[in-house]
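Please look over the sequence and model below before reading the points that follow. They concern strand pairing and the main pocket.

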Amino acid sequence: MKLSKIKEILPSLENVEFQLENGIFVPKHFHVTEVGQITKNFIDCGGVIRSEKVVNFQLWDADDFEHRLKPGKLLNIIKLSEEKLGIEDLEIEVEYQAETIGKYDLEFNGKHFVLVNKTTACLAQDSCGITSEKQKKNLSELTSNSGNSCQPGSGCC
């Protein structure tokens, strides 16, 4: 989800709720401790230089049980971040700590925001020897090469 999309959704909500893909909700008294833009410059395993930018939200589960972040407050934090930091309209990545800090993509299911698990991937499979998944073919679609195959009743088998 891009930053512009969350800004579009927030005014229509009564509460800001985040849910993990497994159905567990982030406690209602969470804090958004950071909103910013992260730029990652790196070289992949194939030697290609790459750059990625995301808007980062960091959620923190504090012991402040009376706290409840309202949509208007989060919208104000986002607007202040855009103004002061010049953050762009990029995809949002959410950091949230369970056993360790996890990074999640963000979606909206019509009621609350969903933290979608991210996975790693090889960006240079063709360069580092990783073969892609074998292509599946139906035997009926294979053409026969008359020089290398036997026809039924030909006596070659």
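**Notes on the sheet and the pocket**

1. β3 and β4 pair in the parallel sense, over five bridges; strands count as paired if DSSP finds at least two bridges between them, and strands (E, at least two residues) and helices (H or I, at least four) are DSSP runs numbered from the N terminus. Within this pairing, the bridge partner of Asn-56 in β4 is Glu-93.

2. The model is predicted, with local features needing pLDDT of at least 70 and side-chain atom pairs counting only at pLDDT 80 or more, while totals for chains, interfaces and linings use all residues. Residues are numbered from 1 along each chain as its sequence is written, and side-chain values use heavy atoms, with hydrogens and water left out.

3. β2 runs antiparallel to β3, joined to it by 13 bridges, and Gly-36 has Asn-56 of β3 as its bridge partner. The hairpin of these strands has five residues between them, where Gly-47 takes a positive phi near 90°.

4. β3, helix α2 (residues 71-85) and β4 form a right-handed β-α-β unit, meaning that, with the strands pointing away from the viewer, the path from the first strand over the helix to the second runs clockwise.

5. The largest pocket (an open set of points on a 1 Å grid over the protein atoms alone, where a 1.4 Å probe fits, with protein on both sides within 12 Å along at least five of seven lines) has a volume of about 530 Å³, taken as the space filled by probe spheres set on points joined across faces, edges and corners. Of its 20 lining residues, which have an atom within 4 Å of a point, the closest to the centre are Lys-40, Glu-52, Glu-93, Lys-118 and Thr-119.
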